[in-house]
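Got your viewer ready? Keep the selection tool handy and let's take a walk through this one.

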Amino acid sequence: MNSQHTLDPSDWEAFRAQGHRMLDDILDHLEHIRERPVWQPIPDEVRAAFREPLPRAPAALADVHETFLRRILPFAVGNTHPGFLGWVHGGGTPVGMLAEMLAGGLNANLGGRDQIPIEVERQVAEWARELFGFPPGAGGLFVTGTSMANLLGVLVARTAVLGPESRQKGMAASAGSLTAYASAAAHGSIARALDLAGLGSDALRLVPTDSQHCIDTAALERAIAADRAAGRTPFLLIGTAGTVDVGAIDDLTRLAEIADREAVRLHVDGAYGALAMLAPELAPRLRGIERAQSIAFDFHKWGQVPYDAGFFLVRDRALQLAAFDSPAAYLRREARGMAAGSPWPCDLGPDLSRGFRALKTWFTLKVYGTEALGRAIYGTCRLAQYLRHRVEETPELELLAPVSLNIVCFRHRGERPDALNADIVAALHESGIAAPSTTTLNGRLAIRAAIVNHRTERRDLDALIDATLKFGARCARAPGAS
Ligand SMILES: *Cc1c(COP(=O)(O)O)cnc(C)c1O
């Protein structure tokens, strides 16, 4: 007895059967992911299928799912595949996928109100606080990713230094003099955060790195002194735990000491590297992170939670509230009833409507436990050492950066190496065998393999080396024609 306008199925039995088929199809896909190419070029007709007019009439769920299976599923970037080694992409898990499905069914809006989904998010924030050794009174919030969490870090620091009235008055009066510092290897989202915060990306000083690709702290101290001498106001140091190009970890203890002495704030971009805290073998290398004022990191990278699940952790939640709360009549809080439970997540960041990212993260942490997640993380670092070893024992290849965590940068030594190695990477992608990305180190193009996926094994790295040699020989004979 459905009303005319409902979007619920008229036949729940049939819908349920179709739903079970869809679940089986995607589980089959994950179970047999290794048998597929990592990535494949997108045929023109597949791309063209996504240029159709607005669908005004209905279609059968089964038919639309069929289109998904044929035209969407095979043409994603393949970061669930063990051969995916590009950029820094998490592999996801079947548990996270199921939790995402449950969250979709619940359709919770985590902007506010008194509801257990927000308690789940607070629970994850509390776990993050415990993991990073932050004091009681810390605040945490799910965001899309570390790009957004870095922006929150800059905004909280800005409000902490200029005072909450700067939120009304704007930056005009003071912004020109505030300066922030990060290493030249810092992620691009940090300069963007300063831009978006109205401080301008010119306010970011990119400090040179040392031979290990970590921030040169002596150069940092000189840069701060020079800005002070010029009448500017240093306000924020940004350390990186796991640089995006080679996986270097800045000396966070030293940064915390400098931040204390200079009375500036310390924010850590730990997008993928911060969760190394879960691996006992790696955690000591993050020493000093517990002294930061805020940390940005992603559960969707090394934490293997499906996209997206970025997180912002701040030492003093009062400052986070000062930076973001904005009373509105329609968001009035009460002591009882559904409008209780203030402050709400919408007081802690820029979003009002927010999805239930916490649920897939909570399921992942509960079902696997942090020890297994930490073993998966450490496992990717051990694989990186294996790959380093394979590169070093192969005369045609050379290593281009120290292997600090899970990222290996290397290249084929052939003629015109920048063009050759770019060709090799494109050929690797098109072969579907392995998918590293590239970066430029000291002006040299590197093949960059970032092992993030818990499914990756030695045989995947052997396949990468074999195919690199094969395509290296082929591309050298026919440059650009691979
Ligand atoms: C991935 C990454 C980011 C950006 O994180 P998103 O989740 O993609 O927004 C920032 N910093 C570093 C070091 C990263 O590796």
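The tour starts with the domains, moves on to the salt bridges, and ends at two single residues.

Before you click, some ground rules: this is a predicted model, in which local features need pLDDT of at least 70 and side-chain atom pairs count only at pLDDT 80 or more, while totals for chains, interfaces and linings use all residues. Residues are numbered from 1 along each chain as its sequence is written, and side-chain values use heavy atoms, with hydrogens and water left out.

**Stop 1: the two domains**

Colour 109–355 as domain 1 and 366–477 as domain 2; these bounds come from an automatic or database domain assignment. Put a marker at each centre, taken over C-alpha atoms, and the distance between domain 1 and domain 2 is 31 Å.

Now select the interface. Here 24 residues of domain 1 are in contact with 22 residues of domain 2, contact meaning heavy atoms within 4.5 Å. The size of an interface is often given as the accessible area lost when the parts come together. For domain 1 and domain 2 the buried area is about 1,800 Å², 67% of it on carbon and sulfur atoms; that is the accessible area (1.4 Å probe) that two parts lose on being put together, summed over both.

What holds for polar contacts between domain 1 and domain 2, and how many residue pairs are there? The count is seven residue pairs, both residues at pLDDT 80 or more. A polar contact is a pair of N or O atoms within 3.5 Å; within protein, one must be able to donate a hydrogen and the other to accept it, and residues adjacent in sequence count only if both atoms are side-chain atoms. On the domain 1 side, the residues touching domain 2 split into 12 nonpolar, eight polar and four charged. Nonpolar covers Ala, Val, Leu, Ile, Met, Phe, Trp, Tyr, Cys and Pro, charged covers Asp, Glu, Lys and Arg, and the others, Gly among them, are polar. Look for salt bridges across this interface and the rule finds zero.

**Stop 2: salt bridges**

A salt bridge here is a side-chain nitrogen of Lys or Arg within 4 Å of a carboxyl oxygen of Asp or Glu, and the model has 27 of them. Select Arg261 and Glu221, whose closest N and O atoms are 2.6 Å apart in a salt bridge. This pair joins distant parts of the chain, with Arg261 in helix H10 (residues 252–262) and Glu221 in helix H9 (residues 217–229), 40 residues apart. Helices (H or I, at least four residues) and strands (E, at least two) are DSSP runs, numbered from the N terminus. Add Arg228, Arg254, Glu257 and Glu262 to your selection: together with Glu221 and Arg261 they are linked in a network of salt bridges.

Is Glu221 buried or exposed? Neither: Glu221 is partly exposed, because its relative accessibility is 21% and buried means under 20% relative accessible area, exposed over 50%, and partly exposed in between (1.4 Å probe, protein chains only).

Next, pick Glu398 and Arg411, a salt bridge at 3.2 Å between the closest N and O atoms. Glu398 sits in strand S9 (residues 397–399) and Arg411 in strand S10 (residues 407–412), 13 residues apart, and both residues are buried. Then try Asp298 and Lys301, bridged at 3.5 Å; both are buried too.

**Stop 3: two single residues**

Thr394 is in the loop between helix H12 (357–392) and S9. Thr394 is buried, at 7% relative accessible area. A polar atom of the Thr394 side chain lies 2.6 Å from the backbone oxygen of Arg390. Leaving aside residues up to four places away in sequence, Thr394 touches Ile465 and Leu469.

Finish at Phe68 in helix H3 (residues 61–72). Phe68 is partly exposed, at 29%, and touches Leu73 and Pro74, again leaving aside residues up to four places away in sequence.
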